[in-house]
Amino acid sequence: MIVMKRQATFSGTVVFILLITAVFFLLYSKWTVIIGLLLVLLIIHQLLTMALFRNPSKRRSPLEHPDWKIIQTKRDGFEIFGQINMVEGENPLVIFLHGWESSSIRFLERMQIFQSKNCHTIILESRSHGLAPSTKEWTARKITLDLESLLEEVDQSLVSSVHIYGHSMGGFIALGLQHERCQGWWKDKLSTVMLESPMTAYSFVLKKLLGSLSFTMPLMKSLSVSAIKKIHPELINPNFSDFDTPNWGLPNKPTLILQASDDHILGREHYDLLMKHLDVEHEAHIIQTLHHSQNQVDAERDELIMQWIEKRIV
């Protein structure tokens, strides 16, 4: 299997060799200390960049259900996996996007709701999640490109309309798909967007990850943009605000927002940012019983989904 090469970071082996070399120069003589210090700075730069574009620390099992079949393709030599259920005839297609450290298995119950209403359903296994192989330098942009490629494997003649459902990080991917840079046959048929406790700004996530080191935010922003330019040269003059709503992407189709009242993972600021900028017909519900995780089934949310299907999809 061919995998995409690193563009902005070194491998762990190279970093280790640099470390050994730095120690050698630091100890060899006073004349080589400056070389050792420069190597130490390079190593720190690499470690910070690697942390920004790391893979998830754990992997959940993928969905195994007789109604959903594996669908796969390749983009730039990288294998892309999803799971798909096509009901009989021409019907709406609902695209599901799972969150960070989640997988297709967490969406079975929600996909079955749409299946019961004669909707086709497909879920992308994001890189380094579920069935998907691990990647070098994980980015949300890679996931949007992967989905575009995977959707080319779907029989378009059987799709009457397209709808996107994203949860958490999947919500962030769903928002990114709304940007004009994302194109395909599915975009012409896109009719509604559904977002469950969505991530809407990378800056919020980075600030939370930094915690007491939030004073390094300017440095981390600079490292992020520098790396993105190398990983995604197709993006013209990117800046850090391009990865926050509204610049990252904003729906221009009817939108359903289902927000966990007590969101212990993302908090409420992502939802508030979305609502500040959302200028399209929408329904927004803050659900007291809904949790960010452990949310396969929630009676109130599932009823709202059913109502949305009946009003907007079928």
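The legends below describe close-up views of a predicted model. Local features are reported only where pLDDT is at least 70 and side-chain atom pairs only at pLDDT 80 or more, whereas totals for chains, interfaces and linings use all residues. Residues are numbered from 1 along each chain as its sequence is written, and side-chain values use heavy atoms, with hydrogens and water left out.

**View 1. Strand β2 and its two partners.**
Strand β2 covers residues 78-85, and 8 of its 8 residues are buried. Helices (H or I, at least four residues) and strands (E, at least two) are DSSP runs, numbered from the N terminus. Buried means under 20% relative accessible area, exposed over 50%, and partly exposed in between, with a 1.4 Å probe and protein chains only. F78, I80, G82 and I84 point one way from β2, while E79, F81, Q83 and N85 point the other way. Strand β1 (residues 69-75) pairs with β2 in the antiparallel sense over 7 bridges; two strands pair if DSSP finds at least two bridges between them. K69 has I84 of β2 as its bridge partner. The two strands β1 and β2 form a hairpin with 2 residues between them, and D76 in the turn has a positive phi of about 55 degrees. Strand β4 (residues 120-125) is joined to β2 by 5 bridges, and these two run antiparallel. Here Q83 has I123 of β4 as its bridge partner.

**View 2. The surroundings of T135.**
T135 is found in the loop between β4 and α4 and counts as buried because its relative accessibility is 7%. Its side chain makes a polar contact with the side chain of R127, at 2.9 Å. A polar contact is a pair of N or O atoms within 3.5 Å; within protein, one must be able to donate a hydrogen and the other to accept it, and residues adjacent in sequence count only if both atoms are side-chain atoms. Leaving aside neighbours within four places in sequence, T135 is in contact (heavy atoms within 4.5 Å) with N55, F78, R127, S128 and K142.

**View 3. The covered helix α5.**
Helix α5 spans residues 169-176, and 8 of its 8 residues are buried. These are M169, G170, G171, F172, I173, A174, L175 and G176. They pack against β3, α4 (140-151), β5 (159-167), β6 (190-196), α7 (202-210) and α9 (269-277).

**View 4. The largest pocket.**
The largest pocket holds about 1200 Å³ of space. On a 1 Å grid over the protein atoms alone, a cavity is a set of points where a 1.4 Å probe fits but cannot get out, and a pocket is an open set with protein on both sides within 12 Å along at least five of seven lines; lining residues have an atom within 4 Å of a point. Grid points are joined across faces, edges and corners, and a volume is the space filled by probe spheres set on the points. The lining of the largest pocket comprises 48 residues, of which R54, W100, M169, V205 and L209 lie nearest its centre. Two or more lining residues come from each of α2 (33-52), α4, α5, α7, α8 and α9. Helix α7 gives the most, with 7 residues. By class, the lining has 27 nonpolar, 12 polar and 9 charged residues. Ala, Val, Leu, Ile, Met, Phe, Trp, Tyr, Cys and Pro count as nonpolar, Asp, Glu, Lys and Arg as charged, and the others, Gly among them, as polar.

**View 5. The loop between α8 and β7.**
The peptide bond from T245 to P246 is cis, with omega near 10 degrees. P246 lies in the loop between α8 (217-231) and β7 (255-260). T245 is buried, with a relative accessible area of 4%. A polar atom of the T245 side chain lies 2.8 Å from the backbone oxygen of T200. Not counting residues up to four places away in sequence, T245 touches L175, T200, L250, L273 and H277. F243 lies in the same loop, between α8 and β7, and counts as buried at 12% relative accessibility. With residues up to four places away in sequence again not counted, F243 touches F172, A201, Y202, I228 and W248.

**View 6. Positive phi at E101 and N237.**
Most residues other than glycine have a negative phi, and most peptide bonds are trans. Phi of E101 is positive, near 60 degrees. E101 is placed in the loop between β3 (91-97) and α3 (108-115) and counts as buried at 16% relative accessibility. Phi of N237 is also positive, near 45 degrees. N237 lies in the loop between α8 and β7 and counts as exposed at 67% relative accessibility.
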